[in-house]
Amino acid sequence: MLLGDIVKDTTLLFKEKGIETPSLDAEVLISSVLDIDRYKLVSHRDRALDSKEISKIKKYTARRLKFEPVAYIVGVKEFYSLEFIVNRDVLIPRPETELLVDMAVYWGETGGMVLDLCTGSGAVAVALKHNRQDLDVYASDISGKALKTARKNSNNILGPKKIKFFEGDLFAPFKGLRFNMIVSNPPYIDINLKDKMQRDLSFEPESALFAENHGKKIIEDIIKNSINYIKDNGVLLLEIGSDQQEFVRSKGKKHGFTVSVLNDYAGLPRVAVLKR
C-alpha cells in the first residue's frame with residue numbers, strides 16, 4: 001500500500017465515524033508511526049509501506065475509531081511550543097491553558113516563589129519555568145501517577161531538580177510556606193455533565209476534569225485557602241469555565257482579592273487574576 005492511499009483511507013474512516021478533525025488526526029497518527037514530519041505525507045505520497053508500518057497504522061486507527069484521544073495514542077502533546085509526555089494518568093494540555101502560562105510569565109515576581117496546584121502533566125509549571133528561569137517553582141497534585149509523568153516532563157525539558165514536586169491535596173504539603181504567586185488549572189467541569197461530554201473525554205482522568213457544586217468546589221477551595229499561602233501583594237491565577245467568572249469575582253472579593261478576568265483567544269472568559 002502507498003502512503004498517500006493509507007492517509008486517504010484513514011481520513012475517510014475517521015470522517016465516517018464522525019471524528020471532528022479527520023484529516024488532521026490521520027496525518028498526526030500516521031506521521032507518528034513513520035516518525036516523519038507531516039509535510040512528507042504529501043511529498044512522499046508514493047512511498048510503499050511495509051507490513052509492519054501498515055499494521056501499526058491500523059492499530060492506531062482502531063484506537064482512534066474508539067475515540068481515544070490522538071495525544072494518548074502517540075504519547076505526546078505540544079504545549080507552549082514544548083513537547084510533553086501524556087498518558088491516561090494526566091489531562092491532555094489544551095491550547096487555551098497557554099493563556100494561564102502567559103499571565104504567570106507576566107505576573108511572576110523576579111526571583112519569586114510560585115506554586116502550581118493540580119499540576120497534572122506538569123505542563124503549566126514546566127512551561128513557566130522554561131520561560132522564567134528566575135522563578136522558584138513548586139508543583140503538586142493529588143495523583144502520584146500524574147506526578148510521575150510531571151517529573152518525567154520536567155526532567156526531559158528542563159533537566160533534573162528544576163521544579164519541586166509534592167503529592168497531596170491542594171495546599172496540604174505546603175504548611176508554613178507562602179508564595180508570591182499561585183497558579184492552577186483545576187478541575188472545573190460540572191460533574192453532573194459527565195455523561196453528556198464528548199466521547200474523547202471519557203479517556204481522561206475524571207479527577208482532573210470534574211468537580212462538585214457545578215464545577216465550582218475546587219476553585220472555591222483554592223480561593224478560600226490561598227489566603228494562608230500567598231504573600232502580601234501576591235497573585236492567584238486560575239483557569240476557569242466560561243460560565244464561572246461571576247462566581248469567581250464574588251468569592252475572590254469575599255476573601256480580600258481584587259479580581260479581573262481575561263478572555264481566551266476564542267473570546268471566552270478563561271483566566272481569573274486575583275490580587276491581594
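# Helix crossings, aromatic pairs and buried loop residues

Mentor: In this predicted model, the axes of helix α6 (residues 98-107) and helix α7 (residues 123-131) come within 10 Å and cross at roughly 40 degrees.

Trainee: What makes α6 oblique to α7?

Mentor: Angles under 35 degrees count as roughly parallel, and 65 to 115 as roughly perpendicular. The angle here is roughly 40 degrees, which belongs to neither range, and therefore α6 is oblique to α7. The crossing is right-handed.

Trainee: Which residues of α6 and α7 make the contact?

Mentor: Leu100, Val101, Ala104 and Val105 come from α6, while Val124, Ala127, Leu128 and Asn131 come from α7. By class, seven residues of this contact are nonpolar, one is polar and none is charged.

Trainee: Which residues of α6 are buried, and what do they pack against?

Mentor: The buried residues are Leu99, Leu100, Val101, Met103 and Ala104. Their packing partners are α7 and the strands β1 (76-79), β6, β9 (230-239), β10 (258-263) and β11 (269-275).

Trainee: Helix α2 (residues 22-34) and helix α4 (residues 51-65) also have axes that come within 10 Å. Why are α2 and α4 called oblique to each other?

Mentor: Their axes cross at roughly 140 degrees. An angle must be over 145 to count as roughly antiparallel, and the roughly perpendicular range is 65 to 115. The value fits neither class, so α2 and α4 are oblique to each other. The crossing of α2 and α4 is right-handed.

Trainee: Which residues meet there?

Mentor: From α2 they are Asp25, Leu29, Ile30, Ser32, Val33 and Leu34; from α4 they are Glu53, Lys56, Ile57, Tyr60 and Arg64. This contact has six nonpolar, one polar and four charged residues.

Trainee: Let us turn to the aromatic rings. How many aromatic pairs are counted?

Mentor: The count comes to nine aromatic pairs. One of them joins Tyr138 and Phe174.

Trainee: Why is the pair of Tyr138 and Phe174 called edge-to-face?

Mentor: Ring centres must lie within 6.5 Å to pair, and planes over 60 degrees apart count as edge-to-face. The centres of Tyr138 and Phe174 are 6.4 Å apart, with 80 degrees between the planes, so the pair is edge-to-face. The pair links distant parts of the chain, 36 residues apart: Tyr138 is in strand β4 (residues 136-141), and Phe174 is in the loop between β5 (164-167) and β6 (179-184). Both Tyr138 and Phe174 are buried.

Trainee: What makes Phe174 and Phe179 an edge-to-face pair?

Mentor: Their centres are 5.7 Å apart and their planes are at 85 degrees. The distance is within 6.5 Å and the angle is over 60, so the pair is edge-to-face. Tyr138, Phe166, Phe174 and Phe179 form one aromatic cluster.

Trainee: How do you know that Ala211 is buried?

Mentor: Buried means under 20% relative accessible area. Ala211 has 3%, so Ala211 is buried. Ala211 lies in strand β8 (residues 210-211), and the residues it touches include Pro187, Ile189 and Ile191. The C-alpha atoms of Ala211 and Ile191 are separated by 5.4 Å, although the two residues are 20 residues apart along the chain.

Trainee: Why does Tyr80 count as buried?

Mentor: Its relative accessible area is 19%, which is under 20%, so Tyr80 is buried. Tyr80 lies in the loop between β1 and β2 (82-85), and its phi is near 55 degrees, a positive value in a residue other than glycine.

Note on methods. Residues numbered from 1 in each chain as written. Predicted model: local features only at pLDDT ≥ 70, side-chain atom pairs only at ≥ 80, totals over all residues. Heavy atoms only, no water. Axes fitted to C-alpha atoms, helices over the stretch in contact; angles between N-to-C directions. Helix = DSSP H or I, 4+ residues; strand = E, 2+ residues; numbered from the N terminus. Left-handed = near helix turned anticlockwise from the far one by under 90°. Contact = heavy atoms within 4.5 Å. Nonpolar A, V, L, I, M, F, W, Y, C, P; charged D, E, K, R; others polar. Phe/Tyr/Trp six-rings, centres within 6.5 Å; stacked < 30°, edge-to-face > 60°. Buried < 20%, exposed > 50% of the residue type's maximum accessible area, 1.4 Å probe, protein only. Lists of a residue's contacts leave out its neighbours within four places in sequence.
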